[in-house]
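Got the viewer open? Let's take a short walk through this model, one selection at a time.

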Amino acid sequence: MKKILLSSAVAVLILVGCGEEKKTTAAVEAVVEQKVEKVEEVKQPEPTRIEVVTKAASEAGDIVSKAASDVTDTVADAASKVAEKTAVVVEETTKEVSEVAKKVNESTSNVVASVKEEATKVMAAVKTEETAPSINVKALFAACAGCHGQNGEKKALGKSAIIKGWDKQKLIDALNGYKDGSYGGPMKGVMKGQVATKSDAEIEALSTFISNL
């Protein structure tokens, strides 16, 4: 702009005449300088409302984007921590469940083994009972009643003890003692002959019967 004004001033001087004094040229140049300064001092136009709104929207968009990024990072960190804690809890719970299941299996195995053992004993007892010959205990005691009385209330031949009221085990021990010769008094010889042919089952049945008289 300054150059344009200077060129215009030169053109004016040419038109006026080159013979004028230098003072006139200096005056013209001063006027031109003042015009140039005024032109340069002209302010830049204020931004329009659209430009202001656009700039504010752009800044707001940047702020929202940053906030969204921060929230996303925070949520991701929280989710990661929750996942880690959940994994730990699941692992501990699985371990506890496994230990409980192991104990339950052991207990179940022990119970099953006990049941099997008892069942085996019962089956053996049933089988023995089924195969063993029936014992007519009254017929067995009939041979005893001749000396001991129908209720075991007499002394055999007036010499033995009264067997009425004896318990089962005492009778079994006495009869087995007569049988092997380790027990007996005055009637030892007679009793040995009476029980020599008796089986263990017959002695037990006879002892049970006499203990209930």
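Start by selecting K168. At 31% relative accessibility, K168 counts as partly exposed, because that value falls between the 20% limit for buried and the 50% limit for exposed. Bear in mind as you click around that this is a predicted model.

Now add E204 to the selection. The side chains of K168 and E204 come together in a salt bridge, 3.2 Å from N to O. In general, side chains of opposite charge can pair when their charged atoms come close. This bridge joins distant parts of the chain: K168 sits in helix 5 and E204 in helix 7, 36 residues apart. Like its partner, E204 has a label to check: it is partly exposed, at 41% relative accessibility. How many salt bridges does the structure hold? Just one, so you've already seen it, because K168 and E204 make a salt bridge.

Next stop: the rings. The structure holds two aromatic pairs. Select F141 and F209 for a tilted pair, with 5.3 Å from centre to centre and 55° between the planes. Here too, distant parts of the chain are linked: F141 belongs to helix 4 (residues 137-148) and F209 to helix 7 (residues 200-211), 68 residues apart. Is F141 buried or exposed? Turn on the surface and look: F141 is buried, at 4% relative accessibility, while F209 is partly exposed at 23%.

For the other pair, pick Y178 and Y183. Their ring centres are 5.1 Å apart and their planes stand at 75°, so this pair is edge-to-face. Y178 counts as buried, with a relative accessible area of 12%, whereas Y183 is partly exposed at 36%.

Stay on Y183 for a moment. Where is Y183 placed? You'll find Y183 in the loop between helix 5 (168-180) and helix 6 (188-195). Add D173 and draw a distance between the C-alpha atoms: Y183 and D173 are 10 residues apart along the chain, and those two atoms are separated by 8.6 Å.

Last stop: some surface charge. Select E91, E92, E96 and E99, which gather in a patch of negative charge on the surface. Zoom in on E92, which lies in helix 3 (residues 49-131). With a relative accessibility of 47%, E92 counts as partly exposed, because exposed starts over 50%.

Technical notes: Residues numbered from 1 in each chain as written. Predicted model: local features only at pLDDT ≥ 70, side-chain atom pairs only at ≥ 80, totals over all residues. Heavy atoms only, no water. Patch = residues over 30% accessible without salt bridge, like charges linked within 9 Å, V, L, I, M, F, W, Y side chains within 5 Å. Areas by Shrake-Rupley, 256 points an atom, 1.4 Å probe, with all protein chains shown as cover. Salt bridge = Lys/Arg side-chain N within 4 Å of Asp/Glu carboxyl O. Lys, Arg positive; Asp, Glu negative; His and termini not counted. Charge placed at Lys NZ, Arg CZ, Asp CG, Glu CD. Helix = DSSP H or I, 4+ residues; strand = E, 2+ residues; numbered from the N terminus. Buried < 20%, exposed > 50% of the residue type's maximum accessible area, 1.4 Å probe, protein only. Phe/Tyr/Trp six-rings, centres within 6.5 Å; stacked < 30°, edge-to-face > 60°.
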